[in-house]
Amino acid sequence: MKRFTLNPVVIALLLAAGLFALGGVIRPGFANYTLALNILRLAAFLAIVAAGQTLVVISGGEGIDLSVGAVVTLGAILVFRIANGSNALLLPALALALLVGALIGAINGVGITLLRVPPLVMTLGMTGVVGGLILVITQGRLVGAPAPALNALVSRPLVFGIPGVVLLWLVLGGLMWVLLERTVYGKQLFAIGMNRTTARLSGVRVPLVVIATYALSSMLAALGGVVLLGYTQNVFLNLGAPYTLPSIAAVVVGGTLIAGGMGSYWGTMAGALVLTILTSLLTALTLPESARQIIYGLTLLALLAVYGRERGLRQ
Amino acid sequence: MNITFSATHVIKRYGGVVALADGNLSVRSGEVLALMGANGSGKSTLSKIITGVVAPDAGQLLLDGQPIRFSSPQMARAHGIAAVYQELSLIPDLTVAENIWLAHEPTRLGRVDTRAITRRTTALLELFRGTIQPGLQPDTAVGDLPPDERQIVEILKTLAWEPRLIILDEATASLDTQQVNRLCELIADWKARDMAIVMVSHRMEEVFRLADRATVLRSGAYVGDVATAETSEAALVQMMIEGGVSPRQATTPNPGAIAVRAELDNIHTRTLHGVSLTINAGEILGLGGLGGQGQPDVLLALFGAIPYRGTISLDGAPVRFRHPHQAMQRRLAYVPGDRGREGLLANRSILENLQLPSWSRYGWFTRMRQAHADGEAVAKTLRLVRDSLRAPASSLSGGNAQKLVLGKWLLRDPNVLLLNDPTKGIDVGAKGEFYRLLTELRNQGVAIVLYSSDDDELLGLCDRVLVMRDGQISATLQGPTLTRTALVSASMSAAQAEVA
Amino acid sequence: MQRTLKRPNFAAWRQQSFVFALILLVLAVAVNVQLQPNFFKPSILSGNLRTYLPLMILAAGQTIVVLAGGIDLSVGATVSLANVVAVQTLGQNPSAGQIGLALLAGLAAGLAAGALNGLCVAYGRLQPIVTTFATSFVIGGAALAIMPSPGGFVPESLSAPYRSNPLAIPMTLWVAAALLGLWALVRQTRYRRYLYAVGSNPLAAYVTGVPVALIRLSSYMLSGLLAACAGIALMLSNSTGDALIGTTMTLDSIVAVVLGGTRLSGGHGGIAGSLIGVFVVGFMRSIISFANVPSWWQTLANSLIILIALAGPGLWALIRRRNV
């Protein structure tokens with residue numbers, strides 16, 4: 001007899017569907033195809049940024065990456081400048097953005113493992129550094145142009161009116177599944193998140209896995225920035241900042257254990273959907289910003305209470 | 001101040017394991033009672049029940065003639081019963097004085113009376129003056145203290161509650177001779193001041209020096225009480241081991257047991273002070289002795305998990321592993337007994353636990369079907385009782401979880417197997433199966449090093465047993481010298497070890 | 001035995017977790033004096049210092065939470081909430097009674113915000129980072145609801161003392177002294193011991209009889225209360241209310257706490273270090289702006305210095321581990 005338990009991913013998806021339906025009931029016209037596509041598009045940006053955050057949170061050890069927002073901006077700005085409207089330069093620019101992202105993340109990882117700086121502090125400090133780097137690169141002038149191909153890929157409908165970014169997101173979802181479930185890295189990532197001593201005594205080189213994880217996180221954030229550029233067609237200095245904390249929220253809402261060791265990218269995808277629908281719904285209800293924030297916060301708290309409780313001291 | 005306390009027919013089970021089948025004990029003011037028994041006889045459980053840390057399943061506690069039930073250590077303390085914990089309860093970031101008075105600080109007008117605290121702490125430290133570093137002051141941070149001085153602070157912390165009944169559970173384990181002597185003087189003094197003292201100790205010399213009476217437990221059951229003046233060391237050891245003892249499982253001597261697989265030469269770590277030994281193929285080498293004598297460090301140093309000084313060679317060539325990963329490449333395997341902390345990924349699947357060291361064999365895109373099939377094969381060899389390999393490891397019983405921890409290495413075909421008290425907390429049936437597996441591996445030529453806190457296990461399984469004391473090997477028992485009496489007395493007194 | 005090796009002479013110094021921050025502070029002041037000869041001129045110094053005052057109070061509160069093993073990402077929102085609550089209660093042309101009421105209302109708002117966090121973390125056993133992140137929306141939303149756009153009026157009589165330098169000592173230093181004085185009082189009570197015990201080893205504290213959950217709750221409430229004080233300080237300094245005024249202060253408060261040598265996992269450190277941390281951050285910034293660093297490089301230089309300062313103790317420990 002197997003007890004029926006609700007998978008957090010299913011909870012989040014049900015919640016997303018419920019919220020969407022609720023929107024349709026409260027505000028007729030909310031639940032239409034175009035709006036659904038738009039929600040998917042917005043959720044895709046958040047979810048791509050949150051992909052790396054998922055890895056970091058799974059890795060445990062109070063893992064968190066507060067530098068994703070800054071790296072999103074940096075990625076977008078690099079491609080904006082280097083590709084400068086040219087399709088031919090798009091790929092080299094993308095490669096460079098990803099490389100710079102990976103490097104930043106690797107530095108985070110080294111600080112966290114070798115220097116034992118708490119992840120919160122290390123990535124917070126890195127946020128400032130990346131912000132400074134952006135100012136140095138741009139010298140205050142955001143020159144450049146979006147590559148047309150990028151815009152075409154991200155914004156134009158490809159099939160059934162579905163924009164490219166959503167398909168890209170699905171591909172990323174598949175790749176993340178492979179990474180987490182079908183590679184040595186993924187298996188070791190879950191292991192270090194669950195119990196670092198056990199992992200080490202089973203031959204896992206914990207620091208190496210942690211450094212790789214933070215590198216991947218920043219790389220995916222840079223990718224998120226590039227994709228976002230395809231949508232916004234322009235860059236500004238706090239392009240990515242609003243994504244930092246929601247990326248963590250998406251991971252949590254998707255049921256990934258904050259303590260590490262359990263979770264999935266499917267969950268984060270569903271979490272990004274929930275948050276995006278919630279935001280859209282609150283906007284559609286023309287609630288004031290204050291009410292939106294309060295409801296957003298309470299929803300997070302409620303979800304956290306459902307599956308984020310820690311163990312008590314009394315056995 | 002006067003106190004009489006007794007526990008009668010106390011029972012405690014953990015899951016299927018009976019930790020205490022029939023615990024009896026009585027003690028009164030002005031008396032020192034020694035609670036004795038071999039490893040796993042239930043003395044720790046009994047003393048935890050007395051101090052309210054563990055709730056008994058059945059039985060009666062009488063305090064000053066009245067039945068009583070403690071729901072917490074605080075409640076026991078309020079009734080004047082306190083224990084010196086073996087597992088330390090100190091806050092490393094607080095000072096000695098702050099730790100000793102934590103949660104019962106004397107206050108004046110809401111302010112902690114630091115002067116009184118310092119004065120009283122100094123007075124308490126004075127009790128051990130001469131045996132501790134002069135630098136140990138009331139304002140020294142506990143985190144900076146070596147283990148022996150922490151243990152002393154632990155003792156003083158208990159004393160500060162001014163208990164009527166004090167329980168010393170292996171309180172001397174990390175103390176040096178001078179400190180032990182001082183503690184003995186103190187105990188005599190407490191006794192003269194009408195305190196009741198229960199000491200759980202393995203050290204015979206202390207028991208005979210201090211205790212008026214000894215209560216002996218064996219396999220969780222009460223054996224009897226003897227006045228120490230009317231008995232001898234040998235007679236006490238007999239009480240602790242007589243009857244109830246499974247005869248030594250006849251392990252056929254392995255004719256192939258000659259090839260030296262690994263050699264340790266003069267190994268030093270934090271707890272080891274010069275250990276040299278050889279490990280042979282097709283042999284189970286036991287590490288025995290009391291807990292905390294450095295046995296796990298032998299295994300961990302060999303496995304590359306802790307830094308060490310000295311030389312380790314494998315198949316004749318010196319090696320220096322800096323990470324378990326390297327030891328694994330040379331077919332070493334480490335099986336911890338503390339499954340929760342060191343052995344399992346509790347919420348991950350059984351398969352992921354089994355394959356954790358071996359995933360890299362299954363290619364870039366992990367061939368799950370193959371990994372699953374291999375996992376099933378090992379599970380079958382282990383006779384692992386499970387729903388499916390996808391169930392979380394935490395769903396397994398203790399015995400099956402331990403098989404799982406062994407199983408992950410069987411997939412890698414190890415030739416040196418290091419076991420750190422592997423059968424801790426698993427029931428008799430599961431132990432039997434585990435022993436069968438170990439014997440099979442030994443017969444296949446695997447070199448096995450087994451540290452066990454269970455003497456029966458060492459006697460029943462091992463071809464050779466090294467008894468450890470204070471980070472050194474104090475006796476080697478083999479063939480005719482590998483007897484229970486020799487093992488128990490070598491563990492408990494240094495003098496006897498040389499005789500054996 | 002090898003015991004003599006274990007207790008080096010500087011152990012007592014190592015206990016003072018803020019030594020590293022103090023060295024940085026001395027360095028920063030020295031460089032500042034080199035770059036701006038009139039650095040110590042009272043008007044300039046007090047002007048400089050005044051901008052650090054709200055963050056200083058905030059960092060003190062954050063320190064208490066961190067010492068107890070938690071973290072509070074909602075302090076910025078609480079600053080805003082207390083700020084707008086106080087300004088709204090003040091109204092136009094307030095009487096003395098109304099001024100008192102406004103201050104009390106601001107403090108009460110901060111206390112309530114802290115209680116929300118504390119109940120969730122201590123009794124609901126929710127993970128502190130994400131919990132206080134979530135409550136920061138609730139608290140910030142409440143602030144926005146009370147005052148959707150910046151405004152309000154603060155009488156000159158109320159804000160003047162804030163800008164004054166009693167006895168020629170900048171107000172900021174008075175407040176710092178007051179915070180340290182209060183902390184010194186707290187240090188004499190059981191509370192301080194419980195705080196460190198809970199942050200250092202909650203299980204041992206629990207076994208010994210320390211009311212762990214209560215201590216955690218109270219740490220968040222104190223943090224909320226101090227955040228409210230910071231919000232009121234901002235009201236006095238800006239003479240208006242703004243529901244977004246605290247937003248950027250949260251992360252600064254954490255940087256100051258960590259720079260000040262308080263261990264993020266709890267049980268070690270203190271408020272003095274965090275105050276020094278605030279000054280270090282401020283003085284470093286002023287070095288960068290007075291040195292001839294090209295303007296677009298200033299943020300990078302500044303944040304690199306902060307990052308290195310944050311990682312400094314770890315680097316030192318790494319070198320020592322390598323040498324042993």
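Me: In this predicted model, what makes strand S1 (residues 4-14) and strand S2 (residues 17-28) of chain B count as a pair?
Reply: The cut-off is at least two bridges, and S1(B) and S2(B) have eight, running in the antiparallel sense. That puts them past the cut-off, so they pair. For a spot to click on, B:Arg13 stands opposite B:Val18 in S2(B).

Me: How do you know that S1(B) also pairs with strand S4 (residues 58-63) of chain B?
Reply: By the bridge count again: there are five between S1(B) and S4(B), in the antiparallel sense. Since two would do, the pairing holds. Here B:Ser6 stands opposite B:Leu62 in S4(B).

Me: Moving along chain B, why are S14 and S17 described as standing at the edges of their sheet?
Reply: The open sheet has four strands in the order S14-S13-S16-S17, with antiparallel pairing. Strand S14 (273-280) and strand S17 (317-319) each have a single partner strand, so one side of each lacks a neighbour in the sheet. On average, neighbouring strands are turned by 20° against each other, direction ignored.

Me: And what makes S13 and S16 of chain B a pair inside that sheet?
Reply: Five bridges link strand S13 (residues 260-268) to strand S16 (residues 309-314) in the antiparallel sense. Because the requirement is at least two, they qualify. B:His268 stands opposite B:Arg309 in S16(B).

Me: Why is the pairing of the six-strand sheet in chain B not given a plain parallel or antiparallel label, and which strands are at its edges?
Reply: The sheet is open, in the order S18-S19-S20-S15-S21-S22, and its pairing is mixed. S18 and strand S22 (472-478) stand at the edges, since each has a single partner strand and so one side without a neighbour in the sheet. The twist averages 20° from one strand to the next.

Me: In which sense do S19 and S20 of chain B pair?
Reply: Strand S19 (residues 416-420) and strand S20 (residues 447-451) run in the parallel sense over five bridges. The bridge partner of B:Leu419 in S20(B) is B:Leu450.

Me: What would you call the direction of helix H14 of chain B against S18(B)?
Reply: Helix H14 (residues 398-410) lies across S18 and S19 of chain B and runs at about 170° to S18(B). Angles over 145 degrees count as roughly antiparallel, so that label fits. Helix H17 (residues 484-492) lies across S15, S21 and S22 of chain B, running at about 170° to S22(B). The label for that angle is therefore roughly antiparallel too.

Me: Over to chain A. What makes helix H3 oblique to helix H10?
Reply: First, some background: two packed helices are described by the angle between their axes and the distance between the axes. H3 (residues 68-83) and H10 (residues 206-232) of chain A pack at about 55°, with axes 7 Å apart. That makes H3(A) oblique to H10(A), because 55° is neither under 35 nor within 65 to 115, nor over 145.

Me: Why is the crossing of H3(A) and H10(A) given its handedness, and what sort of residues meet there?
Reply: H3(A) passes H10(A) in a right-handed crossing, a name used when the near helix is turned clockwise from the far one by less than a right angle. The contact residues divide into 13 nonpolar, six polar and no charged. Among them, A:Val72 and A:Leu74 are in H3(A), while A:Ala221 and A:Leu228 are in H10(A). A:Gly75 is in the contact as well, and since Gly counts as polar, it falls in that group.

Me: What about helix H4 of chain A against H10(A)?
Reply: H4 (residues 90-113) packs on H10(A) at about 145°, with the axes 7 Å apart. This crossing is right-handed, and the contact has 20 nonpolar, eight polar and no charged residues.

Me: Last one: how many residues link the chains, and of what class?
Reply: Chain C and chain A give 43 residues each to their contact. The chain C side, with helix H8 (128-146) and helix H16 (298-323) among its contributors, has 32 nonpolar, 10 polar and one charged residues. For chain B, 25 residues are in contact with 18 of chain A. Helix H10 (324-329) of chain B is one of the contributing elements, and the chain B side has 14 nonpolar, six polar and five charged residues.

Terms used. Residues numbered from 1 in each chain as written. Chains lettered and ligands numbered in written order. Predicted model: local features only at pLDDT ≥ 70, side-chain atom pairs only at ≥ 80, totals over all residues. Contact = placed C-beta atoms within 7 Å. Helix = DSSP H or I, 4+ residues; strand = E, 2+ residues; numbered from the N terminus. Axes fitted to C-alpha atoms, helices over the stretch in contact; angles between N-to-C directions.
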